[in-house]
Amino acid sequence: MQHTGKETTGYLMRRLWRDWMRQHLPRIIAAVSLMLVVAAASAAYPKLIEVSVNMLEAKNADVIWMMPLAIILVTFFKGLASYGQSVLSQSVALRVINAIQKAMFAHLMRADMHMHHLNSTGKLISRFTNDVNLMRDALSRTMTAMARDLATALALVGMMFYLDWLLTLLVIVTYPIAGRPIIRIGRRLRRASTNAQSGMGDLTSNLEQAFSGIRLIKSYRMEPYEQERANDLFDQIYYLVMKTVKGRARTYPILETLGGVSVAAVLAYGGWRIIDGTGTLGEFVGFLSAVILAYQPIRSLGNLNAALQEGLAAVKRSFDLIDEDPEIFDQPDAKPLVVSGGAVSFRNLSFAYEDGKSALNDVSFDVQAGHTIALVGPSGAGKSTVMNMLLRFYDADSGSVVIDGQEIRNVTIGSLRDSIALVSQEVTLFNDTAAANIRFGRPDASDDEVLAAAKAAAAHDFISDLPEGYETLVGDRGLKLSGGERQRIAIARAMLKDAPILLLDEATSALDAASEQQVQVALDRLTEGRTTLVIAHRLATVMNADSILVMDGGAIVETGTHDSLQKQDGLYARLSRLQFRTPTEDTTPETGDDVGQDDGAAAERAKV
């Protein structure tokens, strides 16, 4: 496998140090100092054993109290140093993971809509759960076990050289043999771990969709289908994870065999020297103890390499996410948008999404300051894409959007979106209080301002009836509220923002007739003096707009007021007849036209 510069272990480790770990240098130095104490204490054992055996051979009675005391002192200081080193190392590792999580979330908040559309919610969540768990495990073990074991192994090898340099050379010459296969196994492990993490992202995405759509699944009796789909993913994860398990396990026989070879070599050569009279029993036992003690940290280092490679696979995925450049960004010379009246001009806009399907074809129209323009037409006509262009969720392939003479690509994104309030058909509420959801976008708003916005949106009465009033948690995605109640919270949020430009995307679609009448009055007050773009399928909600633009196939096909468009007898008139038909009319809806979500309510309003 060919590695690019950003895939190698060296690059990932250097970047991890440079960008995330270097700032914790004092803690790392303290942890390393304690590691050296642990290593020195471990290396002292073979010498203590050698001295003990020699004293026993000499029948020195001091061995009875002197050596046990020495061993207790060594183990005591080793235990204290191990505790301090573990706490400091874990602290650094967790701080680094914390910082990486914050950086990933910040990047996703700044990322454009294109990036979010390419990645499902479940896959993104998996980056913060599955990937982070692997990073945490790898970094924690590297900072504690790997560094400590490396220092201990080096200290013990140093003691082995001190005790018998020739025998030491005989032992350590066998270990480099294991280096190459272990490195190769580590590379395979990283590839397998990357595939497993990607599979976990698919699984998380599937679970998130299944749980959020449980009502639909049950109503259509699709439980067996979803179970089968989930089972396939569970099986896929099993096989992917088993690849990493097998790869990790391949290091065990290599290291076990080499450990056995080392001990056998020491027994053979050391035993021959004792029999030959060129070595002492104390030296032999002390050296053998050093070999056995060194075997454990060396074996751990081989196993920890596997965990490190799995963690580096997660680190690379995190770095790839952080490094992904947004397509929508502020120009170097961008200036804040200055809204004097709120006039908006769309000039020859053309745009196509990733699949190449054209969404807008040379769309041009003007919205005078303080006027209301309605966009109507079949689903997929390009209405929502127009709003996406205004908010710079996407940039047009050609053409421009101008607000009060300022091309929006030349102003800062923050100032642009501060000047626009959006109420969408898809209401987004957070698992927070009703007041906090209204205050979203204006955290500094006073309680009185929140109350006024709720009253204007016809939300005050139902909020007051909640168990804790405005401090009631509305549940995940607002599930404790009805659809109409969620919609009124969203409208109150837009009212509180008090932006000069207002976008209403089916803002009353989830309301019953009584609530819609209340909110429509509030919206009429809200739109007064503001530049407003309205997307509506229910034509009764836009009959009083200053101008109605009829879209079809990504283009504007008709323009006028409700009355003038009726006289043109085109697409708008056909949609109007479908929605406002009376019981005596025998009108059959034509295929492809979006006739609205509540024809019955529209008909009732028409009768009134």
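**Note on helix packing and the two sheets**

1. Helix 1 and helix 3 are roughly perpendicular to each other, therefore, by their axis angle. That angle is about 85°, and the axes are 10 Å apart. Helix 1 covers residues 9-21; helix 3 covers residues 63-110. Angles from 65 to 115 degrees count as roughly perpendicular, so the label applies. The model is predicted.

2. Which residues make the contact between these two helices? Helix 1 supplies L16, W20 and M21. Helix 3 supplies V96, A99, I100 and A103.

3. A nonpolar patch of about 720 Å² lies on the surface. Its members are W65, M66, L69, L73, F76, F77 and L80. W65 is placed in helix 3.

4. Now the four-stranded sheet. It is open, has the order 2-1-4-5 and pairs antiparallel. Its edge strands are strand 2 (358-367) and strand 5, each of which pairs on one side only.

5. Strand 1 (residues 344-352) pairs with strand 4 (residues 398-403). The sense is antiparallel, and five bridges are involved. Here S350 stands opposite S398 of strand 4.

6. Strand 4 also pairs with strand 5 (residues 406-407), antiparallel, over two bridges. The bridge partner of I403 is Q406 in strand 5. V402 stands opposite E407 in strand 5. What lies between the two strands of this hairpin? Two residues do, and D404 takes a positive phi near 45° in the hairpin.

7. Helix 12 (residues 383-390) lies across this sheet's strand 1, strand 2 and strand 4. Helix 12 runs at about 115° to strand 1.

8. The other sheet has six strands. It is open, with the order 6-7-8-3-9-10 and mixed pairing. Strand 6 (420-423) and strand 10 (555-560) are its edges, and each pairs on one side only. From one strand to the next, the twist averages 20°.

9. At the strand 10 edge, what is the pairing with strand 9? Strand 9 (residues 547-552) and strand 10 run antiparallel and are joined by five bridges. D552 stands opposite A555 in strand 10.

10. Helix 20 (residues 571-579) lies across strand 3 (372-376), strand 9 and strand 10. Its direction is about 95° to strand 9.

11. To recap for a quick check in the viewer: helix 12 goes with strands 1, 2 and 4, and helix 20 goes with strands 3, 9 and 10. The four-stranded sheet pairs antiparallel, whereas the six-stranded sheet has mixed pairing.

Key:
Residues numbered from 1 in each chain as written. Predicted model: local features only at pLDDT ≥ 70, side-chain atom pairs only at ≥ 80, totals over all residues. Heavy atoms only, no water. Pairing = 2+ DSSP bridges. Axes fitted to C-alpha atoms, helices over the stretch in contact; angles between N-to-C directions. Contact = heavy atoms within 4.5 Å. Patch = residues over 30% accessible without salt bridge, like charges linked within 9 Å, V, L, I, M, F, W, Y side chains within 5 Å. Areas by Shrake-Rupley, 256 points an atom, 1.4 Å probe, with all protein chains shown as cover. Salt bridge = Lys/Arg side-chain N within 4 Å of Asp/Glu carboxyl O. Parallel < 35°, antiparallel > 145°, perpendicular 65-115°, else oblique.
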